[in-house]
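Open the model in your viewer, show the chain as a cartoon, and keep the selection tool at hand. Each stop below tells you what to select and then what can be found there.

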Amino acid sequence: MKAIFKRELRALFTSFRTYLFLALTLAAGSACGWLNNLSTTNPQFCENAQYLGLVMAACVPLLTAPTYASDRKNHVERLLCSLPIRPVSLAMGRFLACLAPVAISCALTLLIPAALTFMGGSGMAASLGMCAALFCLGALLAALTLLISFLTNAPWQAYLASLAVCAASYFAPLAAGKLLTATALTTPMMLCLVLAIFLLAWLATGSVYLGVIVTAIIDVPVVISRMQDGGVKAARVFGRVLNRLSLFNPLSDFAMGVVNLQTLAWYLTAALFLAAVTALCLRARRMGERRALA
């Protein structure tokens, strides 16, 4: 794993996308500091947590989307499967290498509240907790995009699928209750929602048939709630579930200056789980390649 980590780290810091990622995240932090702190004389930089979380969701896939998809595109995936490298070492080495630019980005972002504190601001401890949350969120996004990159055939597909998952995680808790209670299956709004779910599932799985199956499974609770006339209760339960699974709602605690260790633990646990799933997928792919060559 150490050799994979060094190789991937060297490749990342000789790539343009890493410096683009650092530039975009630092520019976003500077813009938030100027617009929400300096121009309004607000000393609490931690209030920008959710804005910076959205920026992280858009920029982290720039780092990780080409990782496995580029191997498949450049026809080196079979070579990796034939090397005497454990799948868990390959998956974890690449995952840990992707965390280095995320850590550097969070450290550079922390310089902004430090400068505000030097100019008479306050809340440095809360800003430190916010940056820790952004790092853990970045780790989760990196693990998620690495898994999607392994399941897709091109970097742009992995990037768009990652953005689609992040957009669904952000907008679904906001719209779940209203859509389940205020729309029916035959309304244009619900038809557009079904089409959007199908497109997201298609991009995430890369298969039209799997997209249809995922869309049908997601529509089952809606159909049941309509048949039983329990739309309001189903919407509340569904909304609570989506709030628990949301990537960005937990950042609201850090925006108020509260360091929630449970959120940090959830982010890191989910990141390690997705990295382990990627390792299992690598192992299954390697076993399939060996059977094909036998």
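The tour begins with the whole chain and then goes on to single places within it.

**The whole chain**

Keep in mind from the start that this is a predicted model. With the cartoon displayed, you can follow 13 helices and zero strands, and buried residues make up 43% of the 294 residues in the chain. Among the contacts with a separation of 6 or more, 78% are between residues 24 or more positions apart. If you switch on the surface, the chain exposes about 15,500 Å², of which carbon and sulfur atoms supply 71%.

**The nonpolar core**

Next, select Phe21, Phe95, Met130 and Leu141, which are the residues with the most contacts inside the largest nonpolar core, a group of 62 residues. The elements that give two or more residues to this core include helix 1 (2-12), helix 6 (87-118), helix 7 (124-151) and helix 13 (261-293), and the largest share, 17 residues, comes from helix 7. In soluble globular proteins, nonpolar side chains tend to be buried together.

Which residues is Phe95 in contact with, leaving aside its neighbours within four places in sequence? Select Phe95 alone and look around its side chain: Ala139, Ala142, Ala143, Leu146, Ala271, Leu272 and Ala275 are in contact with Phe95.

**A network of salt bridges**

Now select Arg7, Glu8 and Arg94, which are linked in a network of salt bridges; a search of the whole structure finds two salt bridges. In one of them, the side chains of Arg7 and Glu8 meet with N and O 2.8 Å apart, and in the other, Glu8 pairs with Arg94, the closest N and O atoms being 3.1 Å apart. This second pair links distant parts of the chain, since Glu8 lies in helix 1 and Arg94 in helix 6, 86 residues apart. Side chains of opposite charge can pair when their charged atoms come close.

Are the residues of this network buried or exposed, or partly exposed? Glu8 and Arg94 are both buried, whereas Arg7, at 48% relative accessibility, counts as partly exposed. The relative accessible area of Glu8 is 11%, and Glu8 is counted as buried because that value is under 20%.

**Asn36 and its surroundings**

Move on to Asn36, which lies in helix 2 and is partly exposed, with a relative accessible area of 28%. Show the side chains of Asn36 and Asn48 as sticks, and you will find a polar contact of 2.6 Å joining them. Leaving aside neighbours within four places in sequence, Asn36 is in contact with Asn42, Asn48 and Tyr51. If you then pick the C-alpha atoms of Asn36 and Glu47, which are eleven residues apart along the chain, the separation is 8.4 Å.

**Helix 4**

Select residues 66-73, which form helix 4: seven of these eight residues are buried, so the helix is largely enclosed by the rest of the structure. The buried residues are Pro66, Thr67, Tyr68, Ala69, Ser70, Asp71 and Arg72. Just after helix 4, stop at His75, which takes a positive phi of about 60°.

**A nonpolar patch on the surface**

Finally, show the surface again and colour Leu195, Leu199, Trp202, Val208 and Val212, which together make a nonpolar surface patch of about 430 Å². Helix 9 (188-205) and helix 10 (208-228) each give two or more residues to the patch, and the largest share, three residues, comes from helix 9. End the tour at Val212, which lies in helix 10 and is partly exposed, with a relative accessible area of 46%.

Note on methods: Residues are numbered from 1 along each chain as its sequence is written. This is a predicted model: local features need pLDDT of at least 70, side-chain atom pairs count only at pLDDT 80 or more; totals for chains, interfaces and linings use all residues. Side-chain values use heavy atoms; hydrogens and water are left out. A nonpolar core is a set of buried Ala, Val, Leu, Ile, Met, Phe, Trp, Tyr and Cys residues joined through side-chain atoms within 4.5 Å. Buried means under 20% relative accessible area, exposed over 50%, partly exposed in between (1.4 Å probe, protein chains only). Helices (H or I, at least four residues) and strands (E, at least two) are DSSP runs, numbered from the N terminus. Contact means heavy atoms within 4.5 Å. A polar contact is a pair of N or O atoms within 3.5 Å; within protein, one must be able to donate a hydrogen and the other to accept it, and residues adjacent in sequence count only if both atoms are side-chain atoms. Patches are made of residues with over 30% relative accessible area and no salt bridge: like charges are joined within 9 Å, nonpolar side chains (Val, Leu, Ile, Met, Phe, Trp, Tyr) within 5 Å. Accessible areas come from the Shrake-Rupley method with a 1.4 Å probe; for residues, only the protein chains shown count as cover. A salt bridge is a side-chain nitrogen of Lys or Arg within 4 Å of a carboxyl oxygen of Asp or Glu.
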